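This briefing sets out the fold, the charged pairs and the aromatic pairs of the chain shown below. Please read it alongside the sequence and the coordinates.

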Amino acid sequence: MMNPLYFIAGVLVLAIIFSVISYLMKSSAYKKGIYGKKVVNKALKKFASIREMTVLSDVAVKNADRTILFDHVLVGYFGVLFVQTIQGKGSFYGDSKEPVWTFTDEKQKVTFKNPLTEMEEKVEQFREVLAKNKIYNVSIESAVTVVSLGEEPKMYLSNIPDSANILLEKELMPLLRKERFEKDNQIDPKAILALFEKQ
C-alpha cells in the first residue's frame, strides 16, 4: 500500500509542474502579443456558450474600398458587441479628446491611436455596412479591454464619458452580465454573421 505522504508529495509536485508550465505558456503568449486576445476570447466564449450567441475573433468587414478589422465580435439576439483588446503591463495615459494615447513600462514608451475614437469610427463604418445590406435597428455596443499578465496596469485617463466602456480584464464579465445583453431585440444573428470575413 502506498504511503499517504508519498501520494501527497506526488500530487504537490504535479501541481507545481502544471503551474510552471501554465505560467510559461501564458508568458510566451504575452511576449508574442496574443495573450490579451486569448483571455478576452475565452471570456466572451464562456459567456456566449450558454446563451446561443456566437463569438468571432480577428475578423473584418468590407465597406466599399475599406476593410474594417475587429479583434472580437459577440453576436446574439441582443445585437452586436465589438471588443478591442489592448495588452500591456505598465501605465496608460489618455484623454478621450486626444487623438493619441501613450503606454509606458520599464523598457519602452509607445504611442497609439485613441482606442475609443478608433472604435467609434469602426462602429460607424459597420452601421453603413448594415444599412447597405438592409439590416436595420441593430443594437451595437463596444468595449476596449486592457489585459495584463500579473500586476494590473495603471490607467491615467481623463474626460472619459460614462458611456465609454474602457475596462480592465476583470470588468469585462460584469459588463456582459448587464441586462441589455440578455434582451431579445429580434435580431437575425445569421444575417449579421454573414457580413464578417476571417482574417
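A residue is called buried under 20% relative accessible area, exposed over 50%, and partly exposed in between, with a 1.4 Å probe and protein chains only as the basis. The model is predicted, so local features need a pLDDT of at least 70 and side-chain atom pairs count only at pLDDT 80 or more, whereas totals for chains, interfaces and linings use all residues. Residues are numbered from 1 along each chain as its sequence is written, and side-chain values use heavy atoms, with hydrogens and water left out.

**Overall architecture**

- The chain has five helices and ten strands; these are DSSP runs numbered from the N terminus, helices being H or I with at least four residues and strands being E with at least two.
- The chain comprises 199 residues, of which 42% count as buried.
- Among the contacts (heavy atoms within 4.5 Å) with a separation of 6 or more, 61% involve residues 24 or more positions apart.
- The exposed area of the chain is about 12,300 Å², and carbon and sulfur atoms supply 55% of it; accessible areas come from the Shrake-Rupley method with a 1.4 Å probe, and for residues only the protein chains shown count as cover.

**Salt bridges**

- Side chains of opposite charge can pair when their charged atoms come close.
- A salt bridge requires a side-chain nitrogen of Lys or Arg within 4 Å of a carboxyl oxygen of Asp or Glu, and a search of the whole structure finds eight.
- Lysine 62 forms one of them with glutamate 197, with the closest N and O atoms 3.8 Å apart. This pair links distant parts of the chain, since lysine 62 lies in strand β1 (residues 54–63) and glutamate 197 in strand β10 (residues 197–198), 135 residues apart.
- Both partners are partly exposed: lysine 62 has a relative accessible area of 46% and glutamate 197 one of 36%.
- Glutamate 141 and arginine 180 form another salt bridge, their closest N and O atoms being 2.8 Å apart. Here strand β7 (residues 140–147), which holds glutamate 141, is linked to the loop between α4 (172–176) and α5 (189–193), which holds arginine 180, 39 residues apart.
- Glutamate 141 counts as buried at 17% relative accessibility, whereas arginine 180 is partly exposed at 33%.
- Lysine 170 and glutamate 152 also meet in a salt bridge, at 3.1 Å from N to O. Lysine 170 belongs to the loop between β9 (166–168) and α4, and glutamate 152 to the loop between β7 and β8 (154–158), 18 residues apart.
- In this pair lysine 170 is exposed at 56% relative accessibility, and glutamate 152 is partly exposed at 40%. Elsewhere, salt bridges that share partners join Lys37, Asp58 and Asp71 into one network.

**Helix α3**

- Helix α3 (residues 115–132) has 18 residues and should span 26 Å at 1.5 Å a residue, and its end C-alpha atoms are indeed 26 Å apart; the expected span is 1.5 Å times one less than the number of residues.
- The buried residues of α3 include Leu116, Met119, Val123, Phe126, Val129 and Leu130.
- At the start of α3, a side-chain oxygen of asparagine 114 comes within 2.9 Å of the backbone nitrogen of leucine 116.
- Lysine 134, which follows α3, has a positive phi near 55°.
- Glutamate 128 is found in α3 and is partly exposed at 34% relative accessibility. The C-alpha atoms of glutamate 128 and alanine 64 are separated by 9.9 Å, although the residues are 64 apart along the chain.

**Aromatic pairs**

- Rings of Phe, Tyr and Trp (its six-membered ring) pair if their centres lie within 6.5 Å; planes under 30 degrees apart count as stacked, over 60 as edge-to-face and the rest as tilted.
- By this rule the count comes to eleven aromatic pairs. In one of these, phenylalanine 70 and phenylalanine 126 are edge-to-face, because their ring centres are 6.3 Å apart and their planes lie at 85°.
- Phenylalanine 70 lies in strand β2 (residues 66–76) and phenylalanine 126 in helix α3, so the pair ties together parts 56 residues apart in sequence. Both of these residues, phenylalanine 70 and phenylalanine 126, are buried.
- Phenylalanine 126 also forms a stacked pair with phenylalanine 196, at 5.5 Å centre to centre and 20° between the planes. Phenylalanine 196 sits in the loop between α5 and β10, 70 residues from phenylalanine 126 in sequence.
- Both phenylalanine 126 and phenylalanine 196 are buried.
- Ring pairs link Phe70, Phe82, Phe126 and Phe196 into a cluster.

Methods
Polar contact = N/O pair within 3.5 Å; in protein donor to acceptor, adjacent residues only side chain to side chain.
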